[in-house]
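The exercises that follow ask you to read a structure step by step, from single residues to pairs of helices. Try each task before turning to its solution.

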Amino acid sequence: MPPMPPTPPLPHDSGPPARPLSLAEVEATARAAHAGQTDKAGRPYAEHLRAVAEGVRRRGGDAEQIAAAWLHDAVEDDALTEGWLAEAPLSRRTKDIVLALTKRAGEPPEAYAARILATPGARLVKEADLAHNADPARLAVLDGATRTRLTEKYTRMRALLGQG
């Protein structure tokens, strides 16, 4: 795994609370945090983040969900810390969605899905994530065993989320 880029700084001052990050700032933060990372097919990881954010937008998601889409893998992938997320000028809902989508070591898929279903707005973001992960064009470049394993994993998660 390539070395992690430095964690983006948070705006700090002793004045009033910082204004929430704009979607453009969230996108820039996510792109910086995942700089140098690639997906299983060797593509820049930011392409996945963009696709999930766009999938959330197409599904009628709001700005908080789109922000969470940009950040949905940041804590899980150690691109950003939970401490950064806790201090970031983001809505509580966006933070909750990111944390709901952050898989925990050794966590059963059923517990992960239950947390997503219990967090308002998280299911839509996970649906967009699964849709991009299961895109046949993305899966086609993987070896057969990996493609089969991931297809089964994504199908199971969709079922746990009540998607069929």
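A residue is called buried when its relative accessible area is under 20%, exposed when that area is over 50%, and partly exposed in between. The structure shown is a predicted model.

**Exercise 1.** Find where Leu49 lies, decide whether Leu49 counts as buried or exposed, and list what Leu49 touches beyond its neighbours in sequence.

Solution. Begin with the location: Leu49 belongs to helix 2, which covers residues 45-58. Next, take its accessibility, which is 0%, and because buried means under 20%, Leu49 counts as buried. Then look for contacts, leaving out residues up to four places away in sequence, and you will find that Leu49 touches Ala30, His34, Ala69, Trp70 and His72. One of these partners can also be placed by its backbone, since the C-alpha atoms of Leu49 and Ala30 are separated by 8.0 Å, although the two residues are 19 residues apart along the chain.

**Exercise 2.** Describe the place of Arg59 and name the residues with which Arg59 is in contact, leaving aside neighbours within four places in sequence.

Solution. Arg59 sits in the loop between helix 2 and helix 3. Its relative accessible area is 35%, so Arg59 is partly exposed. Once the neighbours within four places in sequence are set aside, the contacts of Arg59 are Leu124, Glu127, Ala128 and Ala131. For Leu124, the C-alpha to C-alpha distance from Arg59 is 7.5 Å, with the two positions 65 residues apart in sequence numbering.

**Exercise 3.** Work out how helix 5 and helix 7 are arranged relative to each other, and which residues of the two helices meet.

Solution. Two packed helices are described by the angle between their axes and the distance between the axes. Here the axes of helix 5 (residues 92-101) and helix 7 (residues 122-133) come within 9 Å, and they cross at roughly 50 degrees. That angle makes helix 5 oblique to helix 7. As for the handedness, helix 5 passes helix 7 in a right-handed crossing. The residues that meet are Ile97, Ala100 and Leu101 from helix 5, with Ala122, Val125 and Lys126 from helix 7. Sorted by character, the residues of this contact comprise 5 nonpolar, no polar and 1 charged.

**Exercise 4.** How many salt bridges does the model hold, and where in the chain do the partners Glu64 and Arg93, Arg156 and Glu110, and Arg123 and Glu127 lie?

Solution. Side chains of opposite charge can pair when their charged atoms come close. With a limit of 4 Å between the nitrogen and the carboxyl oxygen, the count comes to 12 salt bridges.

- Glu64 and Arg93 form a salt bridge whose closest N and O atoms are 2.7 Å apart. This pair links distant parts of the chain, with Glu64 in helix 3 (residues 63-71) and Arg93 in helix 5, 29 residues apart.
- Arg156 pairs with Glu110, and here the closest N and O atoms are 2.2 Å apart. Distant parts of the chain are again linked, because Arg156 is in helix 9 (residues 144-160) and Glu110 is in helix 6 (residues 109-118), 46 residues apart. Arg156 is partly exposed at 41%, and Glu110 is partly exposed at 38%.
- Arg123 pairs with Glu127 at 2.9 Å between the closest N and O atoms. Both residues lie in helix 7, 4 residues apart, which is about one turn of the helix.

Conventions:
Residues are numbered from 1 along each chain as its sequence is written. This is a predicted model: local features need pLDDT of at least 70, side-chain atom pairs count only at pLDDT 80 or more; totals for chains, interfaces and linings use all residues. Side-chain values use heavy atoms; hydrogens and water are left out. Axes are lines fitted to C-alpha atoms, for helices over the stretch in contact, and angles run from 0 to 180 degrees between N-to-C directions. Angles under 35 degrees count as roughly parallel, over 145 as roughly antiparallel, 65 to 115 as roughly perpendicular and the rest as oblique. A crossing is left-handed if the near helix is turned anticlockwise from the far one by less than a right angle, and right-handed if clockwise. Contact means heavy atoms within 4.5 Å. Ala, Val, Leu, Ile, Met, Phe, Trp, Tyr, Cys and Pro count as nonpolar, Asp, Glu, Lys and Arg as charged, and the others, Gly among them, as polar. A salt bridge is a side-chain nitrogen of Lys or Arg within 4 Å of a carboxyl oxygen of Asp or Glu. Buried means under 20% relative accessible area, exposed over 50%, partly exposed in between (1.4 Å probe, protein chains only).
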